[in-house]
Amino acid sequence: MARYTGPVCKLCRREGQKLFLKGQKCYTEKCPIERRAYPPGQHGPAQARRRKQSDYALQLREKQKVKRIYGLPEKQFRSLFEYANHIPGVTGDNLLVALESRLDNIIFRMGFAQSRSQARQIVRHRHVEVNGGIVDVPSFRVSGGDEIAIRAKSKNILPIEASLEARTRPALPEWLALDEKARVGRVVRTPMRSDISFPIQEQLIVELYSK
């Protein structure tokens, strides 16, 4: 399945909340969901008036929401769930930690990109090094102690400079460290479920995939 390239604000409207898919721009631009708080399409207002959703609908919407936040297609998201389900620990927590540990998410969290989609592009264009070696795979799983740096020849490219200079940049998570001037960051420790503040009910996703 191809990656979604349409208007991202429609995805926020479909899920009924701001997903911050434009990253820093979502803090400064007025979101369409504030004007039209119902799903897009001809039957959107009717869907918004429905009083109750089935358990399956709630589970599906939660899965779609998380997929869209991190920008993953279904096959890749399901593969990540299978990985989370086969390692020790709580499956839902493992899934969110695995999503947070992706290289594209780390680049976004460190402020080198204004959104995760821009972070994926930066990684694919070979602007990023992990522990001194170039990595161009956005799904690369970063571990505690790894050093993430922008390549020397890419440190001053416009997207990275604009992102770091943005006034609305989210605060750096506690599990990351950043030398903004040198364009070098480090994963202090593996992220935990408590580090993810965005409202996600991961247990609904586990229930959906466990059927």
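Student: Which residue in the turn of the β4 and β5 hairpin has a positive phi?

Tutor: This is a predicted model, where local features need pLDDT of at least 70, side-chain atom pairs count only at pLDDT 80 or more, and totals for chains, interfaces and linings use all residues. Residues are numbered from 1 along each chain as its sequence is written, and side-chain values use heavy atoms, with hydrogens and water left out. Four residues separate β4 and β5 in the hairpin; strands (E, at least two residues) and helices (H or I, at least four) are DSSP runs numbered from the N terminus. The turn residue with a positive phi of about 60° is Arg183.

Student: Is Arg183 buried or exposed?

Tutor: Arg183 is found in the loop between β4 and β5. Buried means under 20% relative accessible area, exposed over 50%, and partly exposed in between (1.4 Å probe, protein chains only). Arg183 has 11% relative accessibility, so it counts as buried.

Student: What is the relative accessible area of Asn131?

Tutor: Asn131 lies in the loop between β1 and β2. Most residues other than glycine have a negative phi. Asn131 has a positive one, near 55°. It is partly exposed, with a relative accessible area of 48%.

Student: Which side chains of β5 point to the buried face?

Tutor: In a regular strand the side chains alternate between the two faces of the sheet. Strand β5 (residues 184-187) alternates too: Val184 and Arg186 point to one face and are not buried. Those on the other face, which are buried, are Gly185 and Val187.

Student: Which strands are the edge strands of the open sheet?

Tutor: The sheet has five strands in the order β2-β1-β3-β5-β4, with antiparallel pairing. Two strands pair if DSSP finds at least two bridges between them. The strands that pair on one side only are β2 (133-134) and β4.

Student: Which residue in β5 is the bridge partner of Asp179?

Tutor: Strand β4 (residues 176-179) pairs with β5 over four bridges, in the antiparallel sense. Strand β3 (residues 147-150) is joined to β5 by three bridges, also antiparallel. There, Glu147 stands opposite Arg186. For Asp179, the partner in β5 is Val184.

Student: Which residue in β3 is the bridge partner of Val128?

Tutor: β1 and β3 pair in the antiparallel sense. Three bridges link them. Val128 has as its partner in β3 Ile150.

Student: Which element gives the most residues to the largest nonpolar core?

Tutor: A nonpolar core is a set of buried Ala, Val, Leu, Ile, Met, Phe, Trp, Tyr and Cys residues joined through side-chain atoms within 4.5 Å. The largest has 21 residues, and Leu103, Ile106 and Phe112 are among those with the most contacts inside it. Elements giving two or more residues include α7 (116-124), β1 (128-130) and α8 (158-165). The element that gives the most, with four residues, is α6.

Student: What is the relative accessible area of Asp104?

Tutor: Asp104 is found in helix α6. Contact means heavy atoms within 4.5 Å. Leaving aside neighbours within four places in sequence, Asp104 is in contact with Arg116, Ala119, Arg120, Val123 and Pro138. It is buried, with a relative accessible area of 2%.

Student: How many of the eight residues of helix α9 are buried?

Tutor: Buried residues of α9 (residues 202-209) include Leu204, Ile205 and Val206. What covers them includes α3 (55-70), α4 (74-85) and α5 (91-100). The helix is largely enclosed by the rest of the structure, because the number of its eight residues that are buried is six.
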